[in-house]
Amino acid sequence: MKNSVIGAGRKQARARHRRIWLWWSFWTVIVVLGLCLGLWQWERAEDKRNFLAALEAAPLVQDPSASPPEGATLMLSGEYLADHTLFLDNRTLDGRLGVAVLTPLRDEQGQYWLVQRGFMATDMGRGTPEVATPAGEVTLRGQWQTESEGAPLFGPNQEGLRLQRIALEAWDHEFAFAGWLHLVEGPGMLEAWWTPNVMPPSRHLGYAVQWWSLTLAALIAMVIGGRRLTRDAPRLPLSKPDE
């Protein structure tokens, strides 16, 4: 009888100590994860500060012969290729549904550039939008955006003359550089809608503080709960089962 009681006590103690070990392991993972996520947001804030500084310092380039830096202001002269206009679908501006007009431009050196001309409101139908495009030589000024990996697509990118996202391969032309010009001034410009999609550094810092606050709360819960479990844990019986 005594041996049975001792054996049961040992099993109960081992189970309690196992729970203590699982408790500390679980909360340690949570604390480390919170620290890492906070540090990641802190570094993201620094990256955004550098990116915004680079945009502010971006140069004005006229008829560039090399790939323009992100955010550079470009001056281009050439001719619109109106018959090759496509439309970036599902854009909104001031509560209105519409498209962004994308028209290639052939410059004086024979190079091709993609120009995002601005927003054009459309109705709820899926008919092909129509837009007037200036003929002859035009001089444009706009902000350069380098092509990057876009949001994931669920289905084909192109439906008729509509695109779900800008992709240079939708045109047969070989463009001068991987990117496009957001028109700021010049013939053929429509309503401006595009702004750089840059979350301000302050928001990343706010996220970092939130993660570290949650981490501190997790650390406090880990210590308080762990100490209670340790205090309440029974000690293993010292007697051997056969005594």
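Here, a helix is a DSSP run of H or I at least four residues long, and helices are numbered from the N terminus. With that in hand, let's look at some close-ups of this predicted model.

**View 1. Leucine 35 sits in helix α1.** Is this leucine buried, partly exposed or exposed? Leucine 35 has a relative accessibility of 44%, so it counts as partly exposed. The cut-offs make this easy to follow: buried is under 20%, exposed is over 50%, and partly exposed lies in between.

**View 2. A nonpolar patch on the surface takes in leucine 35 and its partners.** Zoom out a bit and you meet the other members: Leu39, Trp42, Tyr207, Trp211, Trp212 and Leu214. Together with Leu35, they have about 670 Å² of accessible area. Two elements give two or more residues each, namely α1 (2-56) and α2 (201-232). Which of them gives the largest share? That's α2, with 4 residues.

**View 3. Strands β1 and β2 run parallel.** Here β1 covers residues 60-62 and β2 covers residues 73-80, with 3 bridges joining them. Look for valine 61, which stands opposite leucine 74 in β2.

**View 4. β2 also pairs with β6 in the antiparallel sense.** Strand β6 spans residues 137-146, and 7 bridges link it to β2. One pair to spot is glutamate 79 opposite glutamate 137 in β6.

**View 5. β4 is another antiparallel partner of β2.** How many bridges are there between β2 and β4 (residues 96-107)? There are 3. For an example, find glycine 78, whose bridge partner in β4 is aspartate 107.

Definitions and conventions: Residues numbered from 1 in each chain as written. Predicted model: local features only at pLDDT ≥ 70, side-chain atom pairs only at ≥ 80, totals over all residues. Heavy atoms only, no water. Patch = residues over 30% accessible without salt bridge, like charges linked within 9 Å, V, L, I, M, F, W, Y side chains within 5 Å. Areas by Shrake-Rupley, 256 points an atom, 1.4 Å probe, with all protein chains shown as cover. Salt bridge = Lys/Arg side-chain N within 4 Å of Asp/Glu carboxyl O. Buried < 20%, exposed > 50% of the residue type's maximum accessible area, 1.4 Å probe, protein only. Pairing = 2+ DSSP bridges.
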